[in-house]
Amino acid sequence: MSRRASGSFTRTFLGPGAAAAVGAILIWLLFAGAAGSAFRSMAGTASYLNAAAPLGILAVGVALLMIGGEFDLSVGSIVGVSGMSVMLLTTELGWSVWPAIAGTVVLCLLIGFLNGLTVVRTQLPSFIVTLATLFILRGLTIAAARGFTSRTQLGGLDDISGYEIARAVLGSAPVGGLRISIVWWLGCAALATWVLLRTPWGNWIFAAGGQPEAARNVGVRIGRVKIGLFMTNALCACLVGIIQAVRFSGADALRGQLQEFYAIIAVVIGGTLLTGGYGTIVGAVIGALIFGMVRQGIVMSGIDADWFQVFLGGMLLLAVFVNRTVLVRAQRAS
Amino acid sequence: MDDATLPVEAGAAQPRLEAQDKPHHEDRDVPRLEARDISMRFGKVVALENAHMAAHAGEVTCLLGDNGAGKSTLIKVLAGVHPPTEGACLLDGEAVHFLSPREALNRGIATVYQDLAMVPLMSVWRNFFLGSEPTTGRGPFRRIDVGRCREETHTQLTAMGIELRDPDQPVGSLSGGERQAVAIARALHFGARVLILDEPTAALGLRQSERVLEHVRHAADRGVAVVFVTHTPHHAHPVGDRFVVLRRGRVVANEPREALPVEKLAALMSGE
Ligand SMILES: Nc1ncnc2c1ncn2[C@@H]1O[C@H](COP(=O)(O)OP(=O)(O)OP(=O)(O)O)[C@@H](O)[C@H]1O
Ligand SMILES: [Mg+2]
């Protein structure tokens, strides 16, 4: 009896990730039909992959964190911080591009560290803590931009030394309109998958989200794991901010707004449980891909872009419903 | 339930003799782990008052008591979760002051908590090695030796009489008894010298309880000092070598098995 029960358990368990893959195929077919060759062409493919890449990078960090049982609503604001930091360090403080990027990475890691430390120390829900940092960081970004330049949109990164290489590495579109950010996206996803499935850290991340007390009882330092996850997540957001600053040769203090929600949606569509302890990076990649296809597909089909949000919300509800079914099964089994 | 129905009973006498023959002669009288005059207060709540107990190598020491008697509190003191308000713990006769469960674990004191032993959504092998993952490779390529984990998990569980279909199946798909067995197997595999089990049979049916009791006995027969917490005298009696009964934070009995028939044990727990 237990043998059969566990068999169906495993099968349902593979469900959500697989469901997202099936969903991605259906959505591709839908827009391949509705938008015709514009969507199926190389240019169309590049357009939705390019749209998916930045969100996909965020989704990798958010997925790791969500599997570890926490949220970070400040990722969108960190994107804003990161782009603005690169611009201010270069155009206002006279640094060249690479030192500015290095400084920005350190700044974002510090932000992630503080987010994590606050959550771990206060034991407050990360939802609330990072909702606070969402506003604090956004406000600081705008204030810093205004304070230095009296503007909130800065340009001119292309005049700074080191820009050419940075552009090649972070902001170029080397083949067929495909942006190099897609490489970063898939690279981050591959690395995260390896860490999650093949290193002790991955084991601790699953445990941190699944049953932190049990993990503590066998000596896992959950606090460190969580702080590490917040820092990783901030690093992903930082990368997105830097890529966009390089690509547009400038930054906007408002960049990244709403991205925290889009990233969470992509991760949830990809089958990661909101309550933590279960999920895949591949699922998050597919979630971001779906996001990109819907966003570009709607435009290419000539549908009013307002419908994008309706579509996105609908898919989120559907995904949460599927996930909950999984959770109920899992709990019944235990 | 008659204690003769428990299969543990029949074979128990033999291995117990073996355990006594192990080379601990000079230490025979020094308990592996001892709680001496432990008092524990949470604000105004007195959870333990001068509690004393000792766990010897190769023996099952049962800790009994009604709900709220202080059983969990006492083992948490032993396991390094709470530093006691008063009193001390002695490991091999030497005073120890654990500041965290990790420290106790490093000294060979493993604790299996009833609900908090496993991560249900994780696979059996991931649970088995959680916190002590064997790795291969160097530097940034250091990774879990997954093949070895799977194999080892399979071997260890087979040795406990559990046939796993697949070490990749989630622990949540195992029965409660199987989960306790995995936790016990894990503790033994990582060289526990003291094994503390908090109500491992509480949520289990008759058949599964029997299996878990066999594992408890088996652990003691391997020379481990086992502390078995329960509030079911019928579970404690067939496997226990010594019984410590707590009532409202005080030890009201501390007797070897010979001195306490099961009826008397039950009466002691409920307060005569
Ligand atoms: N962290 C705590 N803070 C305050 N009081 C506590 C704490 N832990 C335990 N207590 C109190 O100490 C007393 C003993 O509790 P304990 O959990 O040790 O009992 P128990 O014998 O394990 O009971 P049960 O059979 O229900 O598990 C209870 O009155 C409980 O409310
Ligand atoms: Mg208890």
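How much area is buried between chain B and chain A? In this predicted model, the figure is about 2,700 Å². Carbon and sulfur atoms give 62% of that area.

Look at who takes part. Chain A brings 33 residues to the contact, and chain B brings 31. On the side of chain B that touches chain A, four elements give two or more residues: α3 (101–106), α4 (124–129), β8 (143–144) and α6 (176–189). Sort the residues of that side by kind, and you get 17 nonpolar, nine charged and five polar.

Now check the pairs that cross the interface. Six residue pairs are in polar contact between chain B and chain A, with both residues at pLDDT 80 or more. The rule for salt bridges finds zero of them across this interface.

Next, turn to ligand 1. It has 13 residues around it. Those that come nearest are G68(B), G70(B), K71(B), S72(B) and T73(B). Two elements of chain B, β2 (45–55) and α2 (71–78), each supply at least two residues of the shell. The most come from α2(B), which gives three. By kind, the shell holds six polar, four nonpolar and three charged residues.

Zoom in on the oxygen atoms of ligand 1. One lies 2.5 Å from a polar side-chain atom of T73(B). At A69(B), the partner is a polar backbone atom, 3.2 Å from an oxygen atom of the ligand. At E199(B), an N or O atom in the side chain is 3.3 Å from a ligand oxygen. How much of ligand 1 does the protein cover? On its own, the ligand has 630 Å² of accessible area, and the protein covers 61% of it.

Key. Residues numbered from 1 in each chain as written. Chains lettered and ligands numbered in written order. Predicted model: local features only at pLDDT ≥ 70, side-chain atom pairs only at ≥ 80, totals over all residues. Heavy atoms only, no water. Contact = heavy atoms within 4.5 Å. Buried area = accessible area lost by both parts, 1.4 Å probe. Salt bridge = Lys/Arg side-chain N within 4 Å of Asp/Glu carboxyl O. Polar contact = N/O pair within 3.5 Å; in protein donor to acceptor, adjacent residues only side chain to side chain. Nonpolar A, V, L, I, M, F, W, Y, C, P; charged D, E, K, R; others polar. Near = heavy atom within 4 Å. Areas by Shrake-Rupley, 256 points an atom, 1.4 Å probe, with all protein chains shown as cover.
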